[in-house]
Amino acid sequence: MKSEKKKDSTPSLFRFSPVRRLLQTLVQKQLLWTAPIIILLFAFFVRWAVALNVYSGYNSPPMYGDYEAQRHWMEITLHLPVSSWYRYDLDWWGLDYPPLTAYHSWICGYIGSKINASWFALDTSRGIESLNSQLYMRSTVFVSELLIYIPAVLIYCQIVYGSSGYLKKYMAATLILMQPALIMIDHGHFQYNCIMLGLTLLAINCFLTELHVFGAILFCAALGFKQMALYYAPAIFAYLFGRCFVEPEGIALFFKLGMAVLATFIWIFIPFISPIENLEQVISRIFPVARGLYEDKVANIWCALNVFVKLKQLLTIEETLKLSLFATLLFVIPVSIHLIMSPTRKRFIYALINSSLAFYLFSFQVHEKSILLPLLPVTLSILEEPIASTLFVNVSMFSLFPLLKREGLVMPYYLTSIFWNWLVGGYGSNVCLNARIRIWGVYIAFIMWHIAEEFIAPPANLPDLFTVINVLISCALFLSLLMYFLYCQLIHSSPTPSAEKSIKKTQ
């Protein structure tokens, strides 16, 4: 136990964290073995507490919301042949995610129908909101996260911090698992982003332990569950391609990766390959270009720019598609080339942040919930980039507020945000006064916005005034953070020998 104490080197930002104090108390009482149990029970409690609130579309006919969409997909995959999954009554929440989502929906629908067939009766179950069906649906998210995302987080913390002492490992695990945005979207709003993010993180774990082929298969599975995993694709391709030049058997690795990717996608899409019209229908549903440049009020560059220049009126859909593609590639290509030239683990994490954040800010057809994608690698860097990561989490939650308020999730929004910042603790002595002033200036702006939004009625001709202000503030901060993380990757990402050794020791 004494050797563990010597490895206490968590950043001073977390010096006043209650997590740190708890872990030190457990060490003193020789109960450190209970730390992962306490962390998991804590994470489960918070998720269930959030799940007790309303969800997207609660008691809101005729179309309800994302909750009904997920339930409806269980209904159609359970009762209809595969060829009809992406064609049946598309006006009522038609399936628009890749096949692994459909397979997951079928599993959940099959199990649920054995409990109560009326929950997923074809057509007649639309809009069902019985308490028992709600409990079952909430449980499917809980179990999915328990099986995929939570183990992926624990494995990551062991790989990266296992040789650095108990404080780093358990502090990182707590802050990653308690990240409020994912909890609010999956367990509050209601979605299954934890599966896509969990598969992606399992793939990252494989890459960090040099299981490149298996990692490629897992990432293909993430893409096969939600197409938004494409946000990570440039960084992952660049990392794997770069490894092919530095590994002793690089050429063999290149062909193994190609065969693994091809075989995985064939396995995922094989029920839809014949006739070819079925595959075309799946692709058209997965990539709905006709929906336009963005949805709702999302804190990306196009929605913010639209306040001043009405792009949707000036440009056609095809022109906005080309514009967004050009802008995204303008950031993603240099990030990817830089990673190919030196595919280190540190650069890889930064490249994941920069690629996914560039997609969020500049790509086509972005939703508010897409901020969860850059949030994953940002949160993985919480110990290496404590100030920027903490700020990013808080900006992300702020950007999600208009969505969460529409769903009636204001109270859990405040509680999970405050709770996560409490877990982080205050600022340590190594944070300069200038940085503290700037960060607290951002948080004061958030507080002032919330007060104004709550107590001041917007003008009748500007009903979305406060939402637009939220978009402008959030977008400006995300853009600033992108510049910071680009600097970290392109200028300041040379790995230290000790960092590389600490990872290799865990392999």
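pLDDT is the predictor's confidence in each residue, from 0 to 100. The protein shown here is a predicted model, in which local features need pLDDT of at least 70 and side-chain atom pairs count only at pLDDT 80 or more, while totals for chains, interfaces and linings use all residues. Residues are numbered from 1 along each chain as its sequence is written, and side-chain values use heavy atoms, with hydrogens and water left out.

**Figure 1. Confidence, and two stretches with pLDDT under 50.** The protein has a mean pLDDT of 91, and 93% of its residues reach 70 or more. Over residues 1-8, pLDDT is below 50, and beyond near neighbours in sequence this stretch has 13 contacts in the model; contact here means heavy atoms within 4.5 Å. Residues 495-507 also stay under 50, and for them the model has 19 contacts beyond four places in sequence. Please keep these values in mind when you look at either stretch.

**Figure 2. Helix α11 against helix α12.** Helices (H or I, at least four residues) and strands (E, at least two) are DSSP runs, numbered from the N terminus. Here α11 covers residues 233-246 and α12 covers residues 250-269; their axes come within 7 Å and cross at roughly 150°. That angle makes α11 roughly antiparallel to α12. Axes are lines fitted to C-alpha atoms, for helices over the stretch in contact, and angles run from 0 to 180 degrees between N-to-C directions. Angles under 35 degrees count as roughly parallel, over 145 as roughly antiparallel, 65 to 115 as roughly perpendicular and the rest as oblique. The crossing of α11 and α12 is right-handed, the term for a near helix turned clockwise from the far one by less than a right angle, with anticlockwise being left-handed. On the α11 side, look for L240, F241, R243 and C244, which meet G250, I251, L253, F254 and L257 of α12. By class, this contact of α11 with α12 has seven nonpolar residues, one polar and one charged. Ala, Val, Leu, Ile, Met, Phe, Trp, Tyr, Cys and Pro count as nonpolar, Asp, Glu, Lys and Arg as charged, and the others, Gly among them, as polar.

**Figure 3. Helix α11 against helix α16.** The axes of α11 and α16 (residues 317-341) come within 8 Å and cross at roughly 25°. So α11 is roughly parallel to α16. The crossing of these two helices is right-handed. From α11, the residues P234, A235, A238, Y239, F241 and G242 meet V332, S336, L339 and I340 of α16. This contact of α11 with α16 divides into eight nonpolar residues, two polar and no charged. While you are here, find F241, listed in the contact with α12 and in the contact with α16.

**Figure 4. I333 in helix α16.** Is I333 buried or exposed? I333 is partly exposed, with a relative accessible area of 42%; buried means under 20% relative accessible area, exposed over 50%, and partly exposed in between (1.4 Å probe, protein chains only). I333 and L208 lie 125 residues apart along the chain, and their C-alpha atoms are separated by 22 Å.

**Figure 5. Two buried residues, S105 and T379.** S105 is in helix α5 (residues 99-115), where its relative accessibility of 2% counts as buried. Leaving aside neighbours within four places in sequence, S105 is in contact with W73, M74 and T77. S105 and M74 are 31 residues apart in sequence, yet their C-alpha atoms are 4.5 Å apart in space. T379 is found in helix α18 (residues 372-380) and is buried, with a relative accessible area of 2%. With neighbours within four places in sequence left aside, T379 is in contact with L175, I176, Q179 and V393.

**Figure 6. N59 and the cis bond before P62.** The loop between α3 (35-51) and α4 (66-79) holds P62, and N59 lies in the loop between α3 and α4 as well. P61 and P62 are joined by a cis peptide bond, with omega about 10°. N59 has a positive phi of about 50°, although it is not a glycine. At 54% relative accessibility, N59 counts as exposed.

**Figure 7. Backbone details in two other loops.** From S274 to P275 the peptide bond is cis, with omega near -5°, and P275 is in the loop between α12 and α13 (276-286). Q365 sits in the loop between α17 (345-362) and α18. Phi of Q365 is near 60°, a positive value in a residue other than glycine. At 18% relative accessibility, Q365 counts as buried.
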